[in-house]
Amino acid sequence: MPELSVPELLDLDRRHVWHPYGPMPGRQEPLVVESASGVRLRLADGSGELVDGMSSWWSAIHGYNHPVLNEAAREQLGRMSHVMFGGLTHEPAVRLAKHLVDMSPDGLEHVFLADSGSVSVEVAVKMCLQYWRSLGRPGKQRLLTWRGGYHGDTWQPMSVCDPQGGMHELWTGVLQRQVFADPPPVEYEESYADHLRSLIERHADELAAVIVEPVVQGAGGMRFHSPAYLRVLREACDAHDVLLVFDEIATGFGRTGALFAAEHAAVTPDVMCLGKALTGGYLTLAATLCTSRVADGISRGEVPVLAHGPTFMGNPLAAAVACASIELLLGQDWLAEVKRIEAGLREGLAPAAKLPGVREVRVLGAIGVVQLDHSVDMKAATGAAVREGVWLRPFRDLIYTMPPYVTGDADLARIANAVCAAAREG
Ligand SMILES: *Cc1c(COP(=O)(O)O)cnc(C)c1O
């Protein structure tokens, strides 16, 4: 039962609660969500429901309050919500690891379960650095990435986020200095491939790994690029003894029209990070997968263990829901749903291309993006979407949507309409 009125709640929220990338006290009043079901968020102020265009940041692919996921959580809750993972194991974690190994690109065999995407990237970086240390090459400790990326908010991930969007200037002298390539062009260009090759060759002695988001750069700018660059990276990394890490935290589980974006290029990375949609948006959980080459390399070292072990590693509740979410996804024609959403977004967002202030409209899989030629007026854009009955959360010059896969055609049209309205008014 609610104990606080909406005004009380908002007042306390503003005074005490940090929100993502927010000031303290808060300046923009958030909406209070009372409950959520299907693709709808119910607001606590009595103003009704909003169709969710964000999947709670890529995660709620099956929508909210899903009976199958609820049941999986309830069932596991009756057994145990958590138990430590040191010296103990349990079926949800083991089944989840098996699912991930089976469904991910061939060659990824070992799974480290972490509690958030950023931590899974930390683990990936630790794996790569330790691999080279174990092989007697401790000098290989830098990372290479291309600009425009986003890999999370803890320190190692921050160091490979886009230097401008990632506020590197604020952290000069604190963040590890990594090697940055130019942002990847949309289409394949041999000159850009050469740029990647030459950077990897030049820095090979100090590079532990190349880390990129394959095919779609998410929170760094919502840009798409040719999958052919992933093959260029794979070949150059192999030629110069550098590991390749794919951060599929946003792209994983079907969002781009392939189960994992790596499949668009038929490339297996040495290490792969998963998160966001892993539990269908129910609970925080992430995974770092690696090949036997990486695991064996680490195990042959002077310190033969991977020294990482979060308290809530392998959380049974989250793992049980993740298993249910994966089974739900694979048990349906998910690709048809993603293609349907892609077609709906292409049609519904097309009018935005003619609006003044719009630079570009782009759609890939179940992702739709309208890029403006100016910074978005958050309040105006969000307000316009809410008036259309839709929840959107634009950033920088981008109004975008990645709807739950269960979004019906009418709701999809409504989301696209709201994106256009936000672009017009934001
Ligand atoms: C969201 C995201 C992360 C960080 O995940 P958190 O769970 O927020 O820590 C890392 N990489 C990519 C590509 C992401 O989209």
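Me: Between which two elements is the loop that holds Ser104 found?
Reply: This is a predicted model, in which local features need pLDDT of at least 70 and side-chain atom pairs count only at pLDDT 80 or more, while totals for chains, interfaces and linings use all residues. Residues are numbered from 1 along each chain as its sequence is written, and side-chain values use heavy atoms, with hydrogens and water left out. Helices (H or I, at least four residues) and strands (E, at least two) are DSSP runs numbered from the N terminus. In these terms, the loop with Ser104 runs between helix 4 (91–103) and strand 4 (108–114).

Me: Is Ser104 buried or exposed?
Reply: Relative accessible area decides the class: under 20% is buried, over 50% is exposed, and partly exposed is in between (1.4 Å probe, protein chains only). The relative accessibility of Ser104 is 3%, so Ser104 is buried.

Me: Which residues does Ser104 touch, not counting those up to four places away in sequence?
Reply: A contact requires heavy atoms within 4.5 Å. For one of the partners, Leu289, the C-alpha atom is 8.9 Å from that of Ser104, although the two residues are 185 residues apart along the chain. With residues up to four places away set aside, Ser104 touches Phe260, Met272 and Leu289.

Me: Which residue offers its backbone oxygen at 2.7 Å from a polar atom of the Ser104 side chain?
Reply: A polar contact is a pair of N or O atoms within 3.5 Å; within protein, one must be able to donate a hydrogen and the other to accept it, and residues adjacent in sequence count only if both atoms are side-chain atoms. For the side chain of Ser104, the backbone oxygen at 2.7 Å belongs to Leu100.

Me: Which residue has its backbone oxygen 2.9 Å from a polar atom of the Thr288 side chain?
Reply: Thr288 is part of strand 12 (residues 286–291) and is buried, because its relative accessibility is 0%. Its contacts beyond four places in sequence include His110, Phe112, Val123, Met127 and Cys273. Ser120 is also among those contacts. The backbone oxygen 2.9 Å from the Thr288 side chain is that of Ser120.

Me: How far apart are the C-alpha atoms of Met402 and Ile367?
Reply: Met402 is placed in the loop between strand 16 and helix 13, and its relative accessibility of 0% means that Met402 is buried. Beyond four places in sequence, its contacts include Gly53, Trp57, Trp58 and Arg255. Ile367 is 35 residues away along the chain, yet the C-alpha separation is 4.6 Å.

Me: What is the phi of Trp58?
Reply: Trp58 belongs to helix 2 (residues 55–58). Trp58 is buried, with 5% relative accessible area. Trp58 is not a glycine, but its phi is positive, at about 75°.

Me: What is the phi of Asp241?
Reply: Asp241 occupies the loop between helix 8 (228–239) and strand 10 (243–247). Its relative accessibility is 34%, so Asp241 is partly exposed. Its phi is positive in a residue other than glycine, near 55°.

Me: On which side of helix 11 are its buried residues, the same or opposite?
Reply: Helix 11 (residues 334–349) reaches 22 Å between its end C-alpha atoms, close to the 22 Å expected, where the expected span is 1.5 Å times one less than the number of residues. Its buried residues are Trp334, Val338, Ile341, Glu342, Leu345 and Leu349. Because they cover an arc of only 105° around the axis, taken from the directions from the helix axis to the C-beta atoms, their side of helix 11 is the same.

Me: How much of the ligand's accessible area does the protein cover?
Reply: Residues around the ligand (a heavy atom within 4 Å) include Tyr150, His151, Glu213 and Ile249. A ligand oxygen atom is 2.6 Å from a side-chain N or O atom of Ser118, a ligand nitrogen atom is 2.7 Å from one of Asp247, and a ligand oxygen atom is 2.5 Å from one of Lys276. Of the 380 Å² accessible on the ligand alone, the protein covers 83%.

Definitions and conventions:
Areas by Shrake-Rupley, 256 points an atom, 1.4 Å probe, with all protein chains shown as cover.
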